[in-house]
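Hi everyone, thanks for coming. Please have a look at the sequence and the structure on the screen, and then I'll walk you through them.

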Amino acid sequence: MRPGVLALASASASLLLPLTAGAVPALAVEPLSPLSLADTGGGSQLILAQAPTVKSTSGTLSWWERRGGEWVKVGSAVARFGAKGLVEGRARKQGSNTTPTGLYDLPYAFGIKGAPGGTRVKYRRVNGSSWWCEDTRSRVYNRWSEPLASDCRASESERLISYTAQYAYGVVIGFNYAKPVKGRGAGIFLHVNGRGATAGCVSVPVGAMRGILRWVDPGKSPHIAMGTAGGVTAISRY
């Protein structure tokens, strides 16, 4: 979702250490527990990306695991959202610079750098021929394309290697992915922070991203819920 085009001011993105590490900086918004959600995706790993309001460009990312019948918070970090805030995923439009709210799976991870040691999720290494097609005319819309498909215009897509900071590490968010609706949006990822707010993705500090990649276990059906503290896009609705 073209992360390099935005350089807006945003809140501090200091990484918060796991709960066992002692004192940590204050979060932008106190994260809810998975127990507050209507649905957690049926697995035992869940990432919560929560913003205060639909106009917010920063908030909190926390990751949780179900152990012994209880949800335990593994870690948390200050997160960045779209430059135009958040919007209900089903109503989102491509190019709106909004982060889609909802509950989504995490198809696979990727990165310009090699996978951190201990990574278990499928990890695809970015090279000079790696593109993410965002051309609504293409048969590979909202898909990795390597090399770029003949019917996918480069001007309407992302050459992944161009975003050296943001795509050092990333995870594909399953928004509009299983059955893509043309024009709803493409290339929504969880990735490393750039200079400011995103074009619709969720971003966190590089240390948090590396920790998440080591933690995510495809055998535990990990999902991500993205939403706000209240209102029609409240994260508790998903």
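**A walk through the model**

Let's start with one pair of residues: W132 has W144 in β10 as its bridge partner. Strand β9, residues 131-133, pairs with β10 in the antiparallel sense, over three bridges. A word on terms: helices (H or I, at least four residues) and strands (E, at least two) are DSSP runs, numbered from the N terminus. Two strands pair if DSSP finds at least two bridges between them.

Before I go on, please keep in mind that this is a predicted model, where local features need pLDDT of at least 70, side-chain atom pairs count only at pLDDT 80 or more, and totals for chains, interfaces and linings use all residues. Residues are numbered from 1 along each chain as its sequence is written, and side-chain values use heavy atoms, with hydrogens and water left out.

So how confident is the predictor? pLDDT is its confidence in each residue, from 0 to 100. The average for the protein is 90, and 88% of the residues score at least 70. Over residues 5-28, though, the pLDDT is below 50, and this stretch has 48 contacts in the model beyond near neighbours in sequence. Contact here means heavy atoms within 4.5 Å.

**The overall picture**

In the protein there are one helix and 15 strands. Of its 238 residues, 54% are buried. Buried means under 20% relative accessible area, exposed means over 50%, and partly exposed is in between (1.4 Å probe, protein chains only). If you take the contacts with a separation of 6 or more, 63% of them are between residues 24 or more positions apart. About 9800 Å² of the protein is exposed, and carbon and sulfur atoms supply 52% of that. Those areas come from the Shrake-Rupley method with a 1.4 Å probe, and for residues, only the protein chains shown count as cover.

**Back to the strands**

Remember β9 and β10? They belong to an open sheet of three strands in the order β10-β9-β11, with antiparallel pairing. The edge strands are β10 (143-145) and β11 (158-159), and each of them pairs on one side only.

Now move along the chain to strand β12, residues 170-172, which runs antiparallel to strand β13, residues 189-192, with three bridges joining them. Here V171 stands opposite L190 in β13. β13 is also joined to strand β14, residues 202-204, again by three bridges, but these two run parallel. What stands opposite L190 in β14? The answer is V202.

**The disulfide**

How many disulfides does a search of the whole structure find? Just one. A disulfide is a covalent bond between the sulfur atoms of two cysteines; for the search, it is a pair of cysteine sulfur atoms within 2.5 Å. The partners are C133 and C152, with their sulfur atoms 2.2 Å apart. C133 sits in strand β9 and C152 in the loop between β10 and β11, so the pair ties together parts that are 19 residues apart in sequence. The link of C133 and C152 is right-handed, with 115° about the S-S bond. Both C133 and C152 are buried.

**The salt bridges**

Last topic. A salt bridge is a side-chain nitrogen of Lys or Arg within 4 Å of a carboxyl oxygen of Asp or Glu. The whole structure has six of them.

One is in the part we just looked at: D135 and R153 meet through their side chains, at 2.9 Å from N to O. D135 is in the loop between β9 and β10, while R153 is in the loop between β10 and β11, 18 residues apart. Is D135 buried or exposed? At 1% relative accessibility, D135 counts as buried, while R153 is partly exposed at 32%.

Another one is E65 with K220, where the closest N and O atoms are 2.6 Å apart. This pair links distant parts of the chain, 155 residues apart: E65 is in strand β3 (residues 58-67), and K220 is in the loop between α1 (206-215) and β15 (223-228). E65 counts as buried at 8% relative accessibility, and K220 as partly exposed at 26%.

Then there's D217 with R120, at 3.4 Å from N to O. D217 is in the loop between α1 and β15, and R120 is in the loop between β7 (109-111) and β8 (123-125), 97 residues apart. Finally, E88, R90 and R237 are linked in a network of salt bridges.

Note on methods
pLDDT is the predictor's confidence in each residue, from 0 to 100.
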